Amino acid sequence: QTETNHGGPKEEESLTSRLPTREGWWKPFFLFQGFWFTPQMVRSTVLVQAQFRPRADDIILATYPKCGTTWLKALAFTVAHRSQHPVASHGHPVLTSHPQDLVPFLELPHRELHPIEELEALPSPRLLSTHLPCTSLPSGASTLGCRIVYLCREPKDVLVSMWHYTNKVRKDFHIDLGKAFEFFCEGVSLGGPFWEHCLGYWKWSMEEPGRVLFLKYDEMMANPAEHVKMLAEFLGVPFTEEEESAGVVEEVVRLCSFENLKSLPVNSTGVSDRVGGLPMENASFFRSGKVGDWKNHLTEEMARKLDCIVEEKLKGSGLSF
Ligand code: A3P
């Protein structure tokens with residue numbers, strides 16, 4: 001173990017002491033490499049950048065938090081490993097493991113820092129995940145040619161999902177929606193500004209479409225089967241005609257559907273500490289799973305304001321929500 005692994009809060013303090021800071025959602029956030037992070041995230045990002053060694057055949061599932069990471073992990077794992085784990089098999093890993101545990105994060109846990117060796121020990125091709133903005137990925141990820149699947153989501157739904165989740169998992173803390181909304185609009189959210197996160201991967205996907213597959217939660221919800229096929233193609237394991245006619249694509253969709261995942265005991269019960277020092281209910285990753293749930297929470301005025309900000313920020317990029 002290196003010194004870094006023992007650093008803890010003291011090291012966080014020295015890493016963040018010169019960074020711009022401001023009130024965050026539940027504790028101060030720091031502006032690190034252009035994005036708002038907690039001190040733990042800064043420390044773990046620094047570690048990943050220094051020590052993680054990407055491989056050319058790595059596949060990285062990248063998301064802004066609350067954009068459907070859990071769903072994408074389940075889908076990508078199921079599609080990529082279907083020769084080893086037939087989709088309809090009784091002992092399928094999706095039935096017995098939380099999707100968050102099927103694909104490890106590069107930068108998590110924060111507190112008990114990842115022995116990076118655990119990631120090194122995974123056989124190739126590795127399926128990994130990250131919430132890091134593309135500019136903060138370890139440099140090898142772009143030079144070596146790793147493939148990236150990026151999933152984003154309609155910003156008002158992201159805000160509402162993040163607000164619920166933050167209040168649910170941080171038991172000693174509550175932020176009201178008005179305040180979370182103001183922060184989000186200013187770009188101050190975990191890993192935010194949200195639009196900068198999306199734009200980075202969007203531009204990369206425009207430059208290198210074979211390297212970066214850019215997906216939207218809302219479109220995936222509208223047509224999951226098409227997206228599962230697209231994902232399989234991109235991962236280099238397209239569905240055969242036999243598989244398609246046997247209904248394997250639909251089986252993947254059903255296995256990984258919100259209703260199915262939410263109902264599984266491994267996802268609906270129990271508590272796990274994946275971040276390090278923050279045990280949370282496994283069920284916290286499955287709330288309503290709907291497109292447009294923001295309508296139940298935001299006023300028309302709030303919606304208009306956030307829409308205008310996002311539209312302005314994305315202007316000319318070709319990306320819209
Ligand atoms: P809501 O809070 O709007 O319900 P992440 O996995 O990135 O943390 O995102 C969590 C969001 O994805 C939550 O949104 C959650 O309910 C939703 N979600 C989880 N599993 C899903 C699935 N299989 N299909 C669609 N949405 C899912």
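Strands S4 and S5 (residues 127-130) pair in the parallel sense, with 4 bridges between them. This description, like the rest of what follows, refers to a predicted model. Within the pairing of S4 with S5, Ile 59 stands opposite Leu 127 of S5. S4 also runs parallel to strand S6 (residues 147-152), to which 5 bridges join S4. Here Ile 60 has Ile 148 in S6 as its bridge partner.

S4 itself covers residues 59-63, and 5 of its 5 residues are buried. The burial applies to both faces of the strand. On one side are Ile 59, Leu 61 and Thr 63, and on the other are Ile 60 and Ala 62.

A second sheet can be followed through strands S1, S2 and S3. Strands of a sheet pair through backbone hydrogen bonds, in either a parallel or an antiparallel sense. This sheet is open, has 3 strands in the order S1-S2-S3, and uses antiparallel pairing. Strand S1 (21-22) and strand S3 (35-37) stand at the edges with a single partner strand each, so one side of each has no neighbour in the sheet.

S1 and S2 pair over 2 bridges in the antiparallel sense, and a hairpin of 6 residues joins S1 to S2. On the other side of the order, 3 bridges join S2 to S3, again with the strands antiparallel. The hairpin of S2 and S3 has 2 residues between the strands, and in this hairpin Gln 33 takes a positive phi near 50 degrees.

Phe 30 is a useful residue to follow through this sheet. Phe 30 lies in strand S2 (residues 29-32). Its bridge partner in S1 is Thr 21, and its bridge partner in S3 is Phe 37. Is Phe 30 buried or exposed? Phe 30 is buried, because 21 other C-beta atoms lie within 10 Å and the cut-off for a buried residue is 20 or more. Leaving aside neighbours within four places in sequence, the contacts of Phe 30 are Thr 16, Leu 19, Pro 20, Thr 21, Phe 37, Pro 39 and Val 42. Glu 196 is 166 residues away from Phe 30 along the chain, and the C-alpha atoms of these two residues are separated by 16 Å.

Helix H3 lies across S2 and S3 and runs at about 30 degrees to S2. H3 (residues 39-51) also packs with helix H2 (residues 8-16), at an angle of about 85 degrees and with the axes 9 Å apart. That angle makes H2 roughly perpendicular to H3. The residues of the contact of H2 with H3 divide into 4 nonpolar, 2 polar and 3 charged. H2 contributes Glu 11, Glu 12, Leu 15 and Thr 16, which meet Pro 39, Gln 40, Val 42, Arg 43 and Val 46 of H3.

The last part to look at is the surroundings of the ligand. Which residues come nearest to the ligand? Of the 21 residues around the ligand, these are Thr 69, Thr 70, Trp 71, Ser 161 and Arg 287. Three helices, H4 (69-80), H9 (155-169) and H16 (258-263), each supply at least two residues of the shell. By residue type, the shell divides into 8 nonpolar, 9 polar and 4 charged.

How values were computed
Residues are numbered from 1 along each chain as its sequence is written. This is a predicted model: local features need pLDDT of at least 70, side-chain atom pairs count only at pLDDT 80 or more; totals for chains, interfaces and linings use all residues. A residue is near a molecule or strand if its C-beta atom, placed from the backbone, lies within 6 Å of it. Ala, Val, Leu, Ile, Met, Phe, Trp, Tyr, Cys and Pro count as nonpolar, Asp, Glu, Lys and Arg as charged, and the others, Gly among them, as polar. Axes are lines fitted to C-alpha atoms, for helices over the stretch in contact, and angles run from 0 to 180 degrees between N-to-C directions. Angles under 35 degrees count as roughly parallel, over 145 as roughly antiparallel, 65 to 115 as roughly perpendicular and the rest as oblique. Two residues are in contact if their C-beta atoms, placed from the backbone, lie within 7 Å. A residue is buried if 20 or more other C-beta atoms lie within 10 Å of its own, exposed if 12 or fewer, and partly exposed in between; C-beta atoms are placed from the backbone. Two strands pair if DSSP finds at least two bridges between them.
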